[in-house]
Amino acid sequence: LYPTSHVHAQMVRAEASAAEIDSASAALAGPERIVQARSILPLGPEADRVLIALSEATYQPRYLRLRALRALGFCKTERGYAYLESLLKRHDSSPAMLRRVVSSMARAFGERAIPALTPMLVHELPRVRQATAYALLALRSERADRALESWSKTERSAALLRAFRVRKKAR
């Protein structure tokens, strides 16, 4: 169990049986690199719970744990939101994990995720800042654009700003 933000008073439950975790692993283990919504259909209505458990299952291969985080981007549930938000605040979250969390939160929760994602624009690692900027840009909202405008004035990586401007122009 992992604590959630101040918004959520309950704990994020990440319990699943070994059979459920194996089923999720099989659903996400294909050769394709992109996780699609249909990948989680076999997991049923409790897919978010099983995906959270898989993402925490340290005995599973890293790529499956990261795919589980990506698949959570198709689960628009309170439990999914609370879990993803809690990962943004954990100090042991890897950069790869944070990038998946950022994109999944933006995909699943759109505008609602902006307050949780905005602090990631000042993360110490440029790849995390870049993923956050791209995720916010993809939202195509005034609120996200305001956060990005503010960020672009203080971003210290010229290469990251150039890449961002190219992507923004292509939007």
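Tutor: Before we begin, Ala, Val, Leu, Ile, Met, Phe, Trp, Tyr, Cys and Pro count as nonpolar, Asp, Glu, Lys and Arg count as charged, and the others, Gly among them, count as polar. Please also keep in mind that this is a predicted model.

Student: How do the residues of the lining of the second largest pocket divide into nonpolar, polar and charged?

Tutor: The residues that line this pocket are Arg33, Ile34, Tyr63, Leu66, Arg67, Arg70 and Arg100. Arg counts as charged, whereas Ile, Tyr and Leu count as nonpolar. The division for the second largest pocket is therefore three nonpolar, no polar and four charged.

Student: Which helix gives the largest share of the lining of the second largest pocket?

Tutor: The second largest pocket holds about 200 Å³ of space, and Tyr63, Leu66, Arg67 and Arg70 are among the residues that line it. The largest share of this lining, four residues, comes from the helix that spans residues 62-71, namely α3.

Student: Which element supplies the largest share of the lining of the largest pocket?

Tutor: The largest pocket contains about 370 Å³ of space and is lined by 15 residues, with Arg99, Ser103, Ala131, Tyr134 and Arg167 lying nearest its centre. By class, this lining has five nonpolar, two polar and eight charged residues. Both α5 (95-109) and α7 (126-139) supply at least two lining residues each, but the largest share, seven residues, comes from α7.

Student: Is tyrosine 134 buried or exposed?

Tutor: Tyrosine 134 lies in helix α7 and, setting aside residues up to four places away in sequence, touches Ala163, Phe164 and Arg167. The relative accessible area of tyrosine 134 is 17%, and a residue counts as buried when this value is under 20%. Tyrosine 134 is therefore buried.

Student: Where does arginine 140 lie, and is arginine 140 buried or exposed?

Tutor: Arginine 140 is found in the loop between α7 and α8 (142-154). Phi of arginine 140 is near 50°, which is a positive value in a residue other than glycine. Most residues other than glycine have a negative phi. The relative accessible area of arginine 140 is 56%, and the cut-off for this class is over 50%, so arginine 140, in the loop between α7 and α8, is exposed.

Student: How many of the residues of helix α2 are buried?

Tutor: Helix α2 runs over residues 47-56 and is largely enclosed by the rest of the structure. Among its buried residues are Ala47, Asp48, Arg49 and Glu56, and what covers the buried residues includes α1 (18-28), α3 and α4 (78-89). The count of buried residues in α2 is ten of the ten.

Student: Which residues have the most contacts inside the largest nonpolar core?

Tutor: In soluble globular proteins, nonpolar side chains tend to be buried together. The largest nonpolar core here has 51 residues, and α5 gives the most to this core, with nine residues. Leucine 69, when residues up to four places away in sequence are not counted, touches Ser55, Tyr83, Leu84, Leu87, Met97, Arg100, Val101 and Ser104. The residues with the most contacts inside the core are Leu51, Leu69, Leu88 and Met105.

Student: How much space lies in the largest cavity?

Tutor: A search of the whole structure finds one cavity of 30 Å³ or more. The residues lining the largest cavity are Ala27, Leu28, Glu32, Ile34, Val35, Ser39 and Arg67, and by class they are four nonpolar, one polar and two charged. The space in the largest cavity is about 30 Å³.

Student: Over which residues is the pLDDT below 50?

Tutor: The chain averages a pLDDT of 89, and 92% of the residues score at least 70. One stretch has a pLDDT below 50, although beyond near neighbours in sequence it has 26 contacts in the model. Where pLDDT is low, the predicted coordinates should not be read in detail. The stretch with pLDDT below 50 covers residues 1-11.

Methods: Residues are numbered from 1 along each chain as its sequence is written. This is a predicted model: local features need pLDDT of at least 70, side-chain atom pairs count only at pLDDT 80 or more; totals for chains, interfaces and linings use all residues. Side-chain values use heavy atoms; hydrogens and water are left out. On a 1 Å grid over the protein atoms alone, a cavity is a set of points where a 1.4 Å probe fits but cannot get out, and a pocket is an open set with protein on both sides within 12 Å along at least five of seven lines; lining residues have an atom within 4 Å of a point. Grid points are joined across faces, edges and corners, and a volume is the space filled by probe spheres set on the points. Buried means under 20% relative accessible area, exposed over 50%, partly exposed in between (1.4 Å probe, protein chains only). Contact means heavy atoms within 4.5 Å. pLDDT is the predictor's confidence in each residue, from 0 to 100. A nonpolar core is a set of buried Ala, Val, Leu, Ile, Met, Phe, Trp, Tyr and Cys residues joined through side-chain atoms within 4.5 Å.
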